[in-house]
Amino acid sequence: MSLAISAPSSRAWLAGLVSHAALIVLTLLLAYLALRAPNFLDAQNLTAILRQSAPLAILACGLSVVVIGGGDDVVSGGIDLSLPAAAVLGAGIISYQLSVAGSGLGTALLFGLPAVLAVGAANSLLVVGIGLTPLLATLATSVAVSGLTKLITSNRRINVSNRAIDWVRDGDIGGIPASMLLALLVFAGLAFLVHRTRWGAHLQAIGASRAVASLTGLPTRKSVALSYGLAAAAAAVAAIAILARGSGSSPGSEEPLLLEMVLATFLGGAFSRRRIVTVWGALLGAVLVTALSTGFALLQVNIFWVSGIKGGLILLVLVAAALDERLRR
Amino acid sequence: MTAFALPRFVAPLLRHSLILILIALLVFFSIQAPAFTAPTNLLTILESSAVLLIVALAMTLIIASGGIDLSVGVAIDFGAVFALIALKDFGAPWYVAIFAALAGAALVGAFNALLIVGLGIRPFLATLGTFFIGSSIQRIYTDGGGPIAFRRMEQGFRDLAAGNIAGIPMEIVIAAVVLVGYYLLLERTNFGQRVHAIGLQPRAARVAGIRVGRHVAVVFILAAASCALGGVILAATLRQFTPLAGQSYLLDAIAATFIGASIHPRLRPNVPGTLLGVLFLGVVANGLNLLGLDFNLKSALSGLILVGALALAGLRGRAG
Amino acid sequence: MPLPLAAASLAPGLTLAMTGIVKTFPGVRALDAADLDIRAGEIHGLVGENGAGKSTIIKILGGVYARDAGDILANGEVLAGGAAADMHAIGIRIIHQELNLVDHFTVAESVFLGQERTDRFGGLAKRRMRREAEAFLRDVLECPLDGQTLIRDLGIAERKLVQIAAALIDGKARLVVFDEPTAPLAAAETGRLFNAIRNLKARGVSILYVSHYLGEIVDICDRVTVFRNGRHVAVLDAPNPTRTDEIITWMIGRQLDDLYPAAAVRTADGIEAEPSFAVERLGDGRSFADVSFSLAKGEIFGIAGLIGSGRDELVDGLYGLRPPATGRVTRAGRPIRLDPALAVQSGLVLVPRDRRRDGLVLDLAVTDNINLASLDEVSTAGFRRERRANARATRLADLLDIRPRSVGTRAGLLSGGNQQKVVLGRWLAAEAEIFLLDEPTIGVDIGARAEIYRLVRELADGGATVIVSSGDAAELIGLCDRIAVLVRGKLVEIVRCGEISVDGLIARTTDAAGQRVAS
């Protein structure tokens with residue numbers, strides 16, 4: 001006696017469409033841009049897209065680690081909204097050291113990068129030690145860190161001219177832009193840790209279900225705390241990419257990055273076979289989001305439409321995911 | 001998850017830590033900056049907290065129902081722009097402009113409700129999407145984000161910010177009315193009771209026959225509509241619509257709500273607590289101002305104080 | 001770490017002797033000098049009613065609980081410790097009733113979760129884990145699966161086998177404890193599981209098989225231990241279908257006492273003449289199908305069934321928590337839409353089985369919980385009238401003898417019995433007519449139980465219709481007028497209480513005749 005009823009085939013077809021809706025729409029958008037936008041597929045433009053997307057890609061990869069370890073419920077699960085602010089803090093400190101204090105690059109990095117890591121430690125403490133919800137904790141550190149950045153840079157733009165930084169902006173190795181290499185380095189490191197090691201397998205299980213993880217005897221607290229640390233490490237690298245992209249630091253540059261980072265990371269979930277946030281999905285999401293922005297700019301679409309289109313895209317991904325879940329049941 | 005244990009005497013201290021810190025700050029500021037205690041300055045603190053209080057109360061309602069709203073800024077802005085359109089393009093009297101503001105912001109809330117209740121998207125991401133789209137609409141409408149000025153504003157509308165009743169500035173009066181309204185709604189009505197039940201245990205609320213979806217939808221629409229009053233005050237004060245101005249209240253509203261929850265015996269969002277949270281933030285901002293600190297140092301300090309206050313609130317939750 | 005290709009080699013079975021095991025919890029002696037002895041390479045059944053101590057002894061075997069007294073001999077040697085690590089080290093593996101798997105993990109990842117194989121560089125040896133998981137599932141559990149398949153794309157039986165593989169893949173399992181393994185399975189699927197278990201036995205592994213399904217127990221087990229009230233009361237060799245009556249007698253071993261009130265009027269006939277509530281061919285497409293019955297006013301109707309019988313799902317379906325896919329429900333002849341809010345409005349109410357999660361809002365006061373479903377009656381124009389609300393709550397608290405009497409107490413602080421009375425009080429306040437009681441006395445002490453039974457009987461005598469869903473056969477027999485028996489999602493029969501004994505009801509729900517394995 002089996003009670004299972006077989007779904008009619010039309011429903012299966014619909015389910016397939018729904019679960020790939022985000023991908024389909026994204027592909028159509030890109031195809032439209034490729035056909036209509038002049039020079040969209042030019043090597044030069046593609047390189048520019050890669051260069052532009054590096055900071056976003058690095059941050060999104062970092063965020064994906066936190067989301068994977070905390071679960072993808074944004075309110076109760078893992079999220080780190082302080083990553084862009086932390087990266088901008090790093091960029092601010094490094095540019096202050098280089099241009100105002102007149103230190104060398106090594107000293108500047110020695111001041112800047114640990115500061116970014118300290119933000120990660122503060123998040124770990126607030127989330128794992130004190131037990132604040134990640135959303136609230138990282139929102140608060142984000143404000144505090146932005147304040148610190150203002151204090152250090154006197155809320156002014158600081159220009160930097162440094163040969164190494166310029167190389168990150170303009171240079172390449174074998175045709176791949178240097179800033180994208182930085183992003184790929186972060187991606188490779190995080191993807192290995194999360195998707196190829198025991199620690200990563202445990203982190204994924206912890207994020208998927210605390211109950212399963214504790215029944216299996218996995219150390220949840222340590223892993224989650226470390227995930228915030230890793231995200232901060234990514235933000236430290238992003239600080240260099242941001243510095244290079246803008247040839248210095250500008251106040252308030254974390255704001256546009258914040259929402260794009262969340263969009264790229266969760267959009268990435270739509271590419272995964274399992275419908276979960278992954279490191280490589282975040283990387284791809286970041287590049288595609290930047291490609292969309294660039295493409296619309298080439299089309300001379302009113303720039304103010306672009307954030308609306310992004311908002312629509314994120315809602316589409318979510319509606320598709322919600323419907324997908326409903327059809328599965 | 002168990003964290004480090006706290007000594008027993010810490011719990012009662014933590015319970016009242018926020019009030020103790022507030023008192024300490026008040027004492028500190030009045031010693032360091034004598035102007036702080038001047039009646040006009042105290043009034044200034046209230047006046048500058050009015051919009052935040054209105055937004056924080058809306059946030060309190062939403063968080064009490066178990067959600068969160070990142071698009072309150074859009075609701076504020078829509079309130080402001082709808083009022084301004086009514087005044088400027090239709091020559092409407094001030095009370096019709098307020099009605100237009102409420103309706104405009106309610107649209108934002110209704111869109112959120114559609115996403116959350118109708119389509120089953122979680123509030124954080126749904127309202128994030130609304131924020132994106134709402135910001136885009138504002139940029140398109142203002143052709144890039146420049147303010148729309150309206151200098152010859154009708155006096156009746158202007159008075160909403162500049163006027164006073166018996167010497168009390170109008171925006172304080174409006175905020176006080178909203179405060180009383182939210183207090184009655186959340187703590188004294190059946191609706192509020194059901195919202196609390198939904199926020200605490202949605203499944204139990206459903207079993208008790210409460211229409212959870214309908215209540216959540218009303219919560220989001222109501223909260224957005226009340227944010228419109230904040231937008232009206234902003235528009236009347238500056239005699240212009242500033243696109244994306246509302247967004248700056250988001251974080252403080254969330255912070256005030258959680259700071260307020262930390263004084264509740266069971267850590268629930270509550271209206272008196274939110275008032276305290278708003279005043280806390282207002283006192284910090286005002287006091288740091290009077291100390292004559294550099295703007296940048298001020299923003300760094302207030303950020304750190306915010307993290308500290310939330311950490312204490314969290315420790316308080318741990319100590320029970 | 002030695003890594004044998006686990007598929008071929010499993011460790012020899014464990015001989016385990018537990019003697020005089022005692023475990024007490026505040027107010028309860030869960031195990032009272034219980035013995036359990038398992039021979040190497042046998043399938044040993046463990047049966048007993050709810051509360052007999054089965055789950056406690058499983059938790060001691062898993063190292064979750066420490067025993068208060070008693071000895072455990074593993075292969076003749078006294079076991080000093082009792083922590084989870086100790087139990088794991090001697091080769092005891094527990095297959096929990098719940099499927100503790102992550103939906104979006106692959107089969108291979110699930111099997112190796114927490115015991116991943118790594119390569120020389122510290123990376124995961126994914127290909128090797130996939131190969132080993134597939135080989136183990138194929139050779140030992142006779143379940144050829146692709147290691148890359150996601151758990152969420154598997155059937156329930158396959159998930160169960162993956163869960164088993166995860167416990168056994170290290171090749172060191174010597175005693176495997178199965179806790180109600182067939183509960184979520186359909187009949188056709190249990191056969192696969194049994195094959196796998198017999199295969200383990202053939203490889204010399206010892207097995208403890210804990211189940212309510214006596215048909216399965218006598219089918220698969222070599223010996224059976226019966227627990228009652230925290231003690232072993234019998235060990236039967238060579239069980240077979242003719243001995244299930246004997247097992248049931250050992251399980252119950254008590255007379256029905258006067259816990260249950262007598263009915264003022266036992267409704268007998270005329271039920272079909274004037275049905276107040278009728279269910280027609282209800283089904284949810286998975287857990288139950290084709291359920292029909294009709295109830296009269298003043299009747300107490302029982303629903304009997306084991307875990308996995310579809311009983312929980314049926315109750316949720318009737319209340320609209322999980323709307324059924326097929327069939328309909330009528331009240332006084334008119335079809336009704338199944339939705340909790342509509343149900344409450346029309347007087348159909350649920351006392352849920354998980355009262356702490358679904359029944360009460362724990363952080364609200366007793367008075368708020370009592371008034372929650374009928375707030376309009378203690379308010380003016382939507383505004384709460386504290387005094388009126390408190391007065392009504394206090395009146396109901398008096399009537400139901402809720403303690404402490406102060407209705408300002410938080411509901412979460414009350415004892416189980418008093419919490420249950422608060423839920424009942426809420427529905428009395430809402431003037432309900434049809435009561436769905438789901439496991440009404442779980443976690444309720446004996447005194448409060450009698451009060452709840454008396455109350456239910458009073459409700460029915462007052463003209464209400466009461467549906468009681470319970471896993472406790474004696475409770476159903478003592479309380480109900482008629483009882484529907486659910487087995488594997490099918491309503492197999494509706495019995496009148498005067499015409500059936502507790503043994504008879506247990507025999508029917510436990511499928512003692514083993515019909516479903518045969519079917």
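Colleague: What makes up the area that chain A exposes?
Modeller: Chain A exposes about 13100 Å², and carbon and sulfur atoms supply 65% of it. Accessible areas come from the Shrake-Rupley method with a 1.4 Å probe, and for residues only the protein chains shown count as cover. This is a predicted model, in which local features need pLDDT of at least 70 and side-chain atom pairs count only at pLDDT 80 or more, while totals for chains, interfaces and linings use all residues. Residues are numbered from 1 along each chain as its sequence is written, chains are lettered from A and ligands numbered from 1 in the order in which they are written, and side-chain values use heavy atoms, without hydrogens and water.

Colleague: Why is C:A33 called partly exposed?
Modeller: Buried means under 20% relative accessible area, exposed over 50%, and partly exposed in between (1.4 Å probe, protein chains only). C:A33 has 25% relative accessibility, so the residue counts as partly exposed. C:A33 lies in strand 2 (residues 28-38) of chain C; a strand is a DSSP run of E with at least two residues, a helix one of H or I with at least four, both numbered from the N terminus.

Colleague: What makes C:E142 partly exposed?
Modeller: The relative accessibility of C:E142 is 45%, so C:E142 counts as partly exposed. Its place is in the loop between helix 4 (126-139) and helix 5 (156-168) of chain C. Phi of C:E142 is positive, about 55 degrees, although the residue is not a glycine.

Colleague: Where is C:P404, and what is the peptide bond from C:R403 to C:P404, cis or trans?
Modeller: C:P404 sits in the loop between helix 13 (386-400) and helix 14 (416-429) of chain C. The bond is cis, with omega near -5 degrees.
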